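Here are a few exercises for getting to know a structure you haven't met before. Try each task by yourself, then walk through the solution.

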Amino acid sequence: MTSLVYIPIALLVALYFVLKYKHSYWTRRKIPHDTPRFLFGSVDEKILGSGNPTEHIKKAYWDLKKRGDKHGGIYLFYNPIWIPIDLKLIRKVLVTDYDYFASHGFFHHKKDFISDHIFSKEGEEWKVLRSHLSPTFTPAKLKNMYHTLYKFGHRMEEQILDSCKKCQPVNIKDTTAIYLIQVIASCFFGIESNSLNDLNSKFKYYGKQISQPRPLRFLLESIVNWDLLAHLGYSFFPSGVRTFFTSLIKDVIDGREKDSVTRKDFLDTISQMTKNGGPLTFEDVVATSTFMYAAGFETSSSTLSYLMYELAKNQDVQDKLRSEILSICKNSADGEITYEDLSKMKYADMCVAEILRCYPPLAQLPRACTKEYRIPGTDQIIEKGTTVVIPVWAIQNDPDYFRNPTEFDPENMSPENQKFNVDDAWFAFGYGPRLCLGYKFAHMQMKVALAKYLKNYKYKLNIATPERLTFNFDSIVLLPAENIILDTEIIS
């Protein structure tokens, strides 16, 4: 009987040493790192609430840089994560030695088809799918979608006008979200969302579901075989996400075929690829469209919200951007900005690039090592399967690479000042072969929104909006914790 008492004690002792051994991973590989905490590794208990390691990755960047290290390791619980911080090394990871890091490291499986999209696919499957999707974002295709963006931009402008007439401040996060939901719902799903009158629409609800952080799921995916997880019915997204988007897309496609409707939009283009033995399946269409929504909604919404916030704080920048918009409109036949006019919005380009530097939607770029990699100039090995993180937010706010990095200053991105910036230190749309496929579409929808926001209205910070924002780490995307409330007035 006494011996039975020692069994659980022995098991606990054994477990302790196993876990201790796992936390010696970076030591055994001679990779710089800080001492990990029991259970949590390099993070703390707050990760259980927020699920987002951004703060810890930022800290690791500055700790490594202070020590003069070019790279280092941290632990998310017991999962080792390699963090390169030297720009030359990062370029090798993302470009030169891309074949060693050709995966984002996210769970995906054919049985959970909605997880098997352009962002998660690897190798030849990714190359084939990207080659088929790239033509959907050509200038001609973007021009076809432009009138849709402009129509919803006009609706957003009407909402601003209504707030002005009622002397009410504007919640810029809400108005921006409504505009983007409508744009993405129309361009990528072929429907017109009624979210203007329904802020709790299903599109917005499932968008929030998709962007929630997932630390415990990440831990599960890192220690359990993906085939086994899929066999057990595991899904990357909450189950309701797959049901909603599958039903939605099926209804839209069936409706178009029944009524012989052609819209020449994104959904039309990729659904045509499923016919006559084409390269895509219906499941590919659902996964791709869902990912485009996931990638385009929260990222663009946060970027536009931050930009309007900074424009309200920096009246000189706001005035200069408005002058550019008015000048272009003045030379237009109907006083509106056309698709061709977008390329003339040079100062808008600078503002967008700078806001993406200050507040990158993805604070870090994920990668996974796909085959054993020897760090150049060392005998240190990164094993196949190791998670890799590029600390984008930290790099883009580093004074070694950008002047006045903690301040919003579009002049950072002017041709004259580009020489003061360091090449390869801006990663807002990714970098290398896996550069964001839809970045030109994102630029287009942001420029349309800026034109509609600023042409006839002026903005200032409302008393309810702080001079310095804090951040909500309860999302994968870098979001402000506070509502951005702006006072508006009509420009006579």
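## Exercise 1: A loop residue

D424 sits in the loop that links α17 (392-396) and α18 (439-454). Keep in mind as you work that this is a predicted model.

**Task.** Work out whether D424 is buried, partly exposed or exposed, and find what D424 is in contact with beyond its neighbours within four places in sequence.

**Solution.**
- Step 1: Start with the surface. The relative accessible area of D424 is 26%. Buried means under 20% and exposed means over 50%, so D424 comes out as partly exposed.
- Step 2: Now look for partners. With the neighbours within four places left out, D424 is in contact with L87, R91 and Y431.
- Step 3: Check a residue further along the chain. Y401 is 23 residues away from D424 in sequence, and their C-alpha atoms are 9.4 Å apart.

## Exercise 2: The sheet of 4 strands

**Task.** Give the strand order of the open sheet of 4 strands, then say which helices pack on this sheet.

**Solution.**
- Step 1: Read off the order, which is β1-β2-β7-β4, with mixed pairing.
- Step 2: Find the edges. They are β1 (71-76) and β4 (365-368), and each of them pairs on one side only. From one strand to the next, the twist averages 30 degrees.
- Step 3: Zoom in on one pair. Strand β2 (residues 79-84) runs parallel to strand β7 (residues 387-390), and the two share 2 bridges. Here W82 stands opposite V388 in β7.
- Step 4: Add the helices. Helix α4 (residues 54-67) packs on the sheet and touches β1, β2 and β7, with its direction at about 150 degrees to that of β1. Helix α5 (residues 87-96) packs on the sheet too, touching β1, β2, β4 and β7, and its direction makes about 115 degrees with that of β2.

## Exercise 3: The sheet of 3 strands

**Task.** In the open sheet of 3 strands, what is the order, and which side chains along β8 are buried?

**Solution.**
- Step 1: The order is β3-β11-β8, and the pairing is antiparallel.
- Step 2: β3 (170-171) and β8 (457-461) are the edge strands; each has a single partner strand, so one side of each lacks a neighbour in the sheet.
- Step 3: Follow β8 to its partner. β8 pairs with strand β11 (residues 485-490) in the antiparallel sense over 5 bridges. In β11, T488 is the bridge partner of Y459, and D487 is that of K460.
- Step 4: Use a general rule: side chains in a regular strand alternate between the two faces of the sheet. In β8, Y457, Y459 and L461 point to one face and are buried, whereas K458 and K460 point to the other and are not.
- Step 5: Bring in the helix. α7 lies across β3, β8 and β11, at about 65 degrees to β8.

## Exercise 4: A stop on α7, then the cysteines

**Task.** Is S163 buried or exposed, and how many disulfides does a search of the whole structure find?

**Solution.**
- Step 1: S163 belongs to helix α7 (residues 139-165). Its relative accessibility is 12%, so S163 counts as buried.
- Step 2: Setting aside residues up to four places away in sequence, S163 touches Q168 and V170.
- Step 3: On to the disulfides: the search finds 0. C164 is in none, and the nearest cysteine sulfur, in C167, is 8.4 Å away.
- Step 4: C187 tells a similar story. The closest cysteine sulfur to that of C187 is in C436, at 15 Å, which is too far for a bond.
- Step 5: Compare their accessibility. C164 counts as buried at 13%, and C187 counts as buried at 1%.

## Exercise 5: Two helix crossings

**Task.** For α12 with α14 and for α16 with α18, what are the angle and the handedness of the crossing?

**Solution.**
- Step 1: The axes of helix α12 (residues 239-259) and helix α14 (residues 282-313) come within 10 Å and cross at roughly 110 degrees, which means α12 is roughly perpendicular to α14. Their crossing is right-handed.
- Step 2: Look at the contacts. The residues that meet include F245 and I249 in α12, and V286 and Y293 in α14.
- Step 3: Helix α16 (residues 346-358) packs with α18 at about 115 degrees, the axes being 11 Å apart, so these helices are roughly perpendicular. The crossing of α16 and α18 is right-handed.
- Step 4: Here A348, D349 and V352 in α16 meet H443, M446, K447 and L450 in α18.

Technical notes: Residues are numbered from 1 along each chain as its sequence is written. This is a predicted model: local features need pLDDT of at least 70, side-chain atom pairs count only at pLDDT 80 or more; totals for chains, interfaces and linings use all residues. Side-chain values use heavy atoms; hydrogens and water are left out. Buried means under 20% relative accessible area, exposed over 50%, partly exposed in between (1.4 Å probe, protein chains only). Contact means heavy atoms within 4.5 Å. Two strands pair if DSSP finds at least two bridges between them. Axes are lines fitted to C-alpha atoms, for helices over the stretch in contact, and angles run from 0 to 180 degrees between N-to-C directions. A disulfide is a pair of cysteine sulfur atoms within 2.5 Å. Angles under 35 degrees count as roughly parallel, over 145 as roughly antiparallel, 65 to 115 as roughly perpendicular and the rest as oblique. A crossing is left-handed if the near helix is turned anticlockwise from the far one by less than a right angle, and right-handed if clockwise.
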